[in-house]
Amino acid sequence: MGSSGVPQRMHISFLIHNAYGIGGTIRTTYNTARTLAEHHDVEIVSVFRHRDTPVFELGPKVRLRHLVDIRKGSPTYEGEDPDYSRPARVFPRAEGRYEQYSLLTDRRIAEHLRGVEADVVVGTRPGINVHLAREARRGPVRVGQEHLTLSTHSGRLKLALRAAYPRLDAVTTVTEADAESYRREMRLPGVRVEAVPNSVPKPELEPADGTGKWVVAAGRLAPVKRYDLLIKAFQRVVAERPDWRLRIYGAGGQHAKLRALIDRLGLYNHVYLMGPANPLEPEWAKGSIAAVTSSLESFGMTIVEAQRCGLPVVATDCPHGPAEIIEDGVDGRLVKSGDVGAIARGLLDLINDDELRQRMGRQALERSARFDPANVAGRYEALFADLARRGGLRGALHRTRGTLLGGVLATKDVGRSLMRKTETA
Amino acid sequence: MTATAVQPAAPEESPTVTVTVPPRAHCVADPAGTLTFDVFDWRPAGAGAGLLLTPRGPEGAADTLRLPLAPIAGERLRAVLTVETPLPEGRWDVYVAEDGAQPRRLSPGNHDLRALVDREPPSGAGPLAVRIPYATKYGNLSVRSWVRAPHVEAGDIRVGAEELTVHGRLAGAEHPADLLAGAVLEARPRGAEPGTGPTAKPTTEGAAFSCALRYADLVRDWAGERLLLDLWLRPADGAPVRLARILDDVPDKKEIFVYPAREVAAPHGAARVVAYYTVDNDLSVRVERAG
């Protein structure tokens, strides 16, 4: 990816909360790591390990290891270590996962970052990025990823990030909108802020043909997903088109409420709570339209997943992701957030026009290829290579200053602060 | 790009994980109900590669169905379970096997069941065979099989103020309209003899019917304990047929096809009446004490 056109082999090390779980960050990190591993040495270091094998596929080339073993019954179980129950000091208190971190994780993460043999170290959540900023040894490029959004962090967390992030080389967000927030609200002189979307691989099955009379939605049954709005909108759809039905995939705390709403509106022959499904692709492929009615989407992974299965998506124009994924009227509809009538009209537009729906489905399939892991990993590769080149220059500067001043240890810090000033200027 | 400075001692590294991937299969259903299994992440060393379907339950292994696995492109192996291959009703666990080795349980890949969604029942006489592959709660691949001759497919259910209206279609009968003429819908207490439960007369149109079951009739024999009433279509001439919902891609209806309950006054106090699907996707009504 460099100017020579041939990517130089890099050693890239991801640091993640728990690589053995099932969240969106884990899924997208695996996608990116697997693809980068085709040309680079890639490892994923998991702070925690709570089960023997990861849920998602790592591929044969990515190495995976952990820092703290919390598998009960494992011979190397560390949950009994006294430091495991002492509060963390480096991991920021205002971070959502603070309670899971400890003096033990502080120590293990610090040891890992001081010794990490890599050209690029990537943190995958705010608390881990703070460790990265404060503790990574000099040398590797330090990249902090934001998988949520700045605007959803508390004021206290923003302060903690503002103090630490200037020591990163780059911050990546998943949307341009969030990158703009970072540039506007955080003072990060010399830190590259860049939006790199999440990646979704091409599904290994035929795309939907748009003939089935099903609308499909998928995600945690959480208040932020506003499935209540979708169900209410679907009542209006059914009034006009009783031959169409809705499936909602996912589990969560809203299940009983949504069930009661379906029953109250008499939609039990038209709206189904399907429970969780993994993989989801075959379920998207049974539908002809996808619906996303969230009040907030950091990125909008389900939108891309549905598009990659050939579905046009009717989505609320909520912050931050949908408008950067869907082009209204081309590969789906962006409708007013929180508006039942607008959601119903968006769905009916596509339900009532078979030709339009199928054309949008084909567009969705074509346009969503930009989120292929190959493209997204390519953007990371270009960013990392560029930062590493800059880092190399910085190293050369360190060495020059070193010969001038003598005394290796003293120069490093001086060189570093000089470099920072140069970057600021 | 690698650092030259002396590194502090790295923490003792945890061993790198080697993930052993279980053999998996993508499964595609065609509109007739034939299932095609494409096995991957498995390379048999010996001869005699086959796909085994073993019934759940104590008698198990003796009835195992073996399908040959033949190589296809991309280092995969294919087995086909045609709709004509007999597979008795029940749950079947799926394995891969080769000569001289223990069979290995398959894990599910993509199950492309779009052809099963909103299936039309095949017209004409003959047993109806339905198979739906699914992932068990332990993440293994199994197949659910039904064999019904004839079959009554339950459709929409309307929960009214005074009655429960069930829509259905008769399949697998040579002359469905004849079989429906003079038939009644019976809500028979589980385990009881035919003819002992309340009945209602359906309205029919060709192979389709709808039938209103009055709550007052459904609670007639309720004595205060929980009462399960299984719904049967009882032709004037011929064996009763259980109502079930199997003509789609959903292997377990119980938690998904859910209906609101109604409270009704009954001789032994207020009763709660609700339609539900059993673990076998048969349609029943539960009567229990309200509150």
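**View 1. Helix 2 of chain A, end to end and face by face.** Helix 2 of chain A runs over residues 103-115; helices here are DSSP runs of H or I with at least four residues, strands are runs of E with at least two, and both are numbered from the N terminus. At 1.5 Å a residue, its 13 residues should span 18 Å, and the end C-alpha atoms are indeed 18 Å apart, so the two agree. (The expected span is 1.5 Å times one less than the number of residues.) This is a predicted model, so local features need pLDDT of at least 70 and side-chain atom pairs count only at pLDDT 80 or more, while totals for chains, interfaces and linings use all residues. Residues are numbered from 1 along each chain as its sequence is written, with chains lettered from A and ligands numbered from 1 in the order in which they are written.

**View 2. What helix 2 of chain A tucks away.** Its buried residues are A:T105, A:I109, A:H112 and A:L113. Buried means that 20 or more other C-beta atoms, placed from the backbone, lie within 10 Å of the residue's own; exposed means 12 or fewer, and partly exposed is in between. Looking down the axis of helix 2 of chain A, the buried residues fall within an arc of 95°, so they line one face of the helix. (The arc is that of the directions from the helix axis to the C-beta atoms.) The cover over these residues includes strand 2 (41-49), strand 3 (63-69) and helix 3 (126-135) of chain A.

**View 3. Where the two domains of chain A meet.** Chain A splits into domain 1 (11-199 + 374-424) and domain 2 (214-371), with bounds from an automatic or database domain assignment. Their centres, taken over C-alpha atoms, are separated by 34 Å. At the junction, 14 residues of domain 1 of chain A are in contact with nine of domain 2 of chain A, contact meaning C-beta atoms, placed from the backbone, within 7 Å. On the domain 1 side, helix 5 (176-185) and helix 13 (373-405) of chain A are the elements that give two or more residues. Helix 5 of chain A has the largest share, with three residues. By type, that side has five nonpolar, seven polar and two charged residues. (Ala, Val, Leu, Ile, Met, Phe, Trp, Tyr, Cys and Pro count as nonpolar, Asp, Glu, Lys and Arg as charged, and the others, Gly among them, as polar.)

**View 4. The domain contact in chain B.** The domain assignment gives chain B a domain 1 (24-148) and a domain 2 (151-289). The C-alpha centres of these two domains of chain B lie 31 Å apart. Domain 1 of chain B puts 18 residues into the contact, and domain 2 of chain B puts in 13. Strand 10 (128-135) and strand 11 (141-148) of chain B each supply at least two residues of the domain 1 side. Strand 10 of chain B gives the most, with four. That side of domain 1 of chain B breaks down into 12 nonpolar, two polar and four charged residues.

**View 5. The chain B backdrop.** Stepping back, chain B has two helices and 22 strands. Its radius of gyration is 25 Å, whereas a compact globule of 291 residues would have one near 19 Å. (The radius is taken over C-alpha atoms, and the globule rule is 2.2 Å times the number of residues to the power 0.38.) Of the 291 residues of chain B, 34% count as buried.

Notes:
Contact = placed C-beta atoms within 7 Å.
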